[in-house]
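User: I'd like to go through this model with you and ask how each label is earned. Shall we begin?

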Amino acid sequence: MAILVTGGAGYIGSHTARLLRELGRDVVVLDSLERGYKDAVGDIDLVVGDIADARLVGKTCRKYDVDSVIHFAAYKAVGESVSDPLRYYQNNVAGSIALVEALLEHDVKQIVFSSSAAVYGTPDASPVNEDAPLRPQSPYAQTKADIEKFLESCDVLGMRSVSLRYFNAAGAHDSGDMGEDWSATENLVPVVMKVLFGAQRELDVFGDDYPTPDGTCVRDYVHVSDLADAHVKALDYLASGGASLVCNVGTGQGTSVRQLISVAESVAGRALPHRVAPRRAGDPAAVYADPTLMRAVRGWRATRDLREIIASAYRWHERHPDGYER
Ligand code: WQD
């Protein structure tokens with residue numbers, strides 16, 4: 001019996017596949033390698049192809065005796081989703097529908113889905129729990145909300161699912177040999193790393209006049225290895241007969257941009273050049289999770305703090321200044 005990890009050559013997918021392997025589980029990765037990296041998969045079996053390729057998915061399910069799936073494969077750039085919505089709906093939504101159809105045909109009926117706190121848009125208040133209204137503010141976020149709903153509808157077909165709404169994923173594997181590709185993201189931690197390692201001159205702090213303690217935006221940064229662990233626990237929850245669930249994955253701790261800068265400076269032992277820039281459109285002032293529900297899923301909790309997030313990302317970029325090879 002194997003676990004199929006779609007998008008397992010991407011950032012969170014590769015950390016999860018690695019953790020499953022470390023736990024002695026049978027894993028197979030399905031990834032198109034369009035945005036993922038072969039090196040991130042290591043020696044785990046990799047099937048190169050598309051989630052919408054029903055024949056390939058079927059063949060993989062048979063060959064590896066797949067009984068459950070963690071579904072990461074998706075595009076995730078918010079800005080690109082605004083300029084190219086067709087691509088996002090096609091790949092993320094239509095791709096997920098085709099995948100689930102092929103899985104059902106092969107009697108694979110447990111799926112953990114990589115969703116996002118982006119489905120909440122600008123929440124009325126933080127901490128945010130799962131009952132907060134969904135107000136996706138980009139085509140990207142809308143595709144995540146749509147797939148969650150689609151999976152909920154598939155319950156009637158016997159497909160049980162856990163959709164994990166990640167807050168701000170960051171950090172890298174303890175080994176220093178797996179991490180995030182900073183060329184493909186504008187997220188805060190990778191940008192901080194670019195500045196620390198001289199690939200960008202300075203960090204723009206997007207606004208310091210928000211109604212937060214120090215005026216900069218507050219987010220919930222969760223270590224990628226804690227996220228990986230959440231997927232394993234969600235799989236085990238489904239395997240033990242758990243009902244479908246939608247769950248936040250965050251630490252419950254809010255961190256401001258200024259606080260993060262100061263931790264980064266302390267980890268690096270040098271100043272992080274930065275300046276205050278105008279607010280970025282659509283940025284909510286403060287978003288952090290109420291992680292109570294996820295704690296009930298096999299006792300999950302985040303075990304790594306912000307310092308470990310920054311230190312692990314630093315280690316990865318220091319050892320791999322050019323990231324993975326193409
Ligand atoms: C964090 C904070 C910025 C860059 C996004 C997606 C969301 C989710 C996670 C996947 C904000 C500030 C950032 C910079 C800055 N992804 N910042 N200077 O916007 O909370 O969430 O990533 O699902 O969908 O929207 O993350 O890392 O972009 O920003 O000041 O150069 O850092 O204003 O307050 P965000 P982020």
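User: Why does Ser 81 count as buried?

Analyst: Happy to start there, and please keep in mind that the model is predicted. Ser 81 has a relative accessibility of 0%, and buried means under 20%, so Ser 81 is buried. This serine belongs to helix α4, residues 78-83.

User: What makes the pair formed by the side chain of Ser 81 and the backbone nitrogen of Tyr 140 a polar contact?

Analyst: The distance does. A polar atom of the Ser 81 side chain is 2.9 Å from the backbone nitrogen of Tyr 140. The cut-off is 3.5 Å between N or O atoms, so this pair falls within it.

User: And how do you know which side chains make polar contacts with the ligand?

Analyst: The same cut-off of 3.5 Å applies. Tyr 140 has a side-chain N or O atom 2.5 Å from a ligand oxygen, for Arg 219 the value is 2.6 Å, and for Asn 187 a polar side-chain atom lies 2.9 Å from a ligand oxygen. Each value is within 3.5 Å, so Tyr 140, Arg 219 and Asn 187 are among the contacts. On its own the ligand has 680 Å² of accessible area, and the protein covers 84% of that.

User: Which residues come nearest to the ligand, and what surrounds it?

Analyst: There are 19 residues around the ligand, and Ser 116, Tyr 140, Asp 204, Arg 219 and Asp 283 come nearest. By type, the shell holds 11 nonpolar, three polar and five charged residues. Strand β8 (203-206) and helix α7 (188-196) each supply at least two of them, and β8 gives the most, with four.

User: Phe 206 is in strand β8. Why is Phe 206 called partly exposed?

Analyst: Its relative accessibility is 32%. Partly exposed covers the range between 20% and 50%, so Phe 206 belongs there. From Phe 206 to Asp 39 the C-alpha distance is 34 Å, with their positions 167 residues apart in sequence.

User: How do you know that the length of helix α9 agrees with what its residue count predicts?

Analyst: Helix α9 covers residues 257-268, which is 12 residues. At 1.5 Å a residue it should span 16 Å, and its end C-alpha atoms are 16 Å apart, so the two agree.

User: What makes one face of α9 the buried one?

Analyst: Val 257, Leu 260, Ile 261, Val 263, Ala 264 and Ala 268 are buried in α9. Down the helix axis they fall within an arc of 165°, so they line one face. The general background helps: an α-helix has 3.6 residues a turn, so residues three or four places apart point the same way.

User: What is notable about the backbone at Asp 65 and Asp 107?

Analyst: Most residues other than glycine have a negative phi. Asp 65 has a positive phi, near 55°, and Asp 107 has one of about 60°. Asp 65 sits in the loop between α3 (54-64) and β4 (66-71), while Asp 107 is in the loop between α5 (85-105) and β5.

User: Why is Asp 107 called exposed, and Asp 65 partly exposed?

Analyst: Exposed requires over 50%, and Asp 107 has 56%, so it qualifies. Asp 65 has 41%, which is between 20% and 50%, so it is partly exposed.

User: Last one: how do you know that the peptide bond from Ser 126 to Pro 127 is cis?

Analyst: Its omega is near 0°. Most peptide bonds are trans. Pro 127 is found in the loop between β5 (110-116) and α6 (139-153).

Notes:
Residues are numbered from 1 along each chain as its sequence is written. This is a predicted model: local features need pLDDT of at least 70, side-chain atom pairs count only at pLDDT 80 or more; totals for chains, interfaces and linings use all residues. Side-chain values use heavy atoms; hydrogens and water are left out. A residue is near a molecule or strand if one of its heavy atoms lies within 4 Å of it. A polar contact is a pair of N or O atoms within 3.5 Å; within protein, one must be able to donate a hydrogen and the other to accept it, and residues adjacent in sequence count only if both atoms are side-chain atoms. Accessible areas come from the Shrake-Rupley method with a 1.4 Å probe; for residues, only the protein chains shown count as cover. Helices (H or I, at least four residues) and strands (E, at least two) are DSSP runs, numbered from the N terminus. Ala, Val, Leu, Ile, Met, Phe, Trp, Tyr, Cys and Pro count as nonpolar, Asp, Glu, Lys and Arg as charged, and the others, Gly among them, as polar. The expected span of a helix is 1.5 Å times one less than its number of residues. Buried means under 20% relative accessible area, exposed over 50%, partly exposed in between (1.4 Å probe, protein chains only). The arc is that of the directions from the helix axis to the C-beta atoms.
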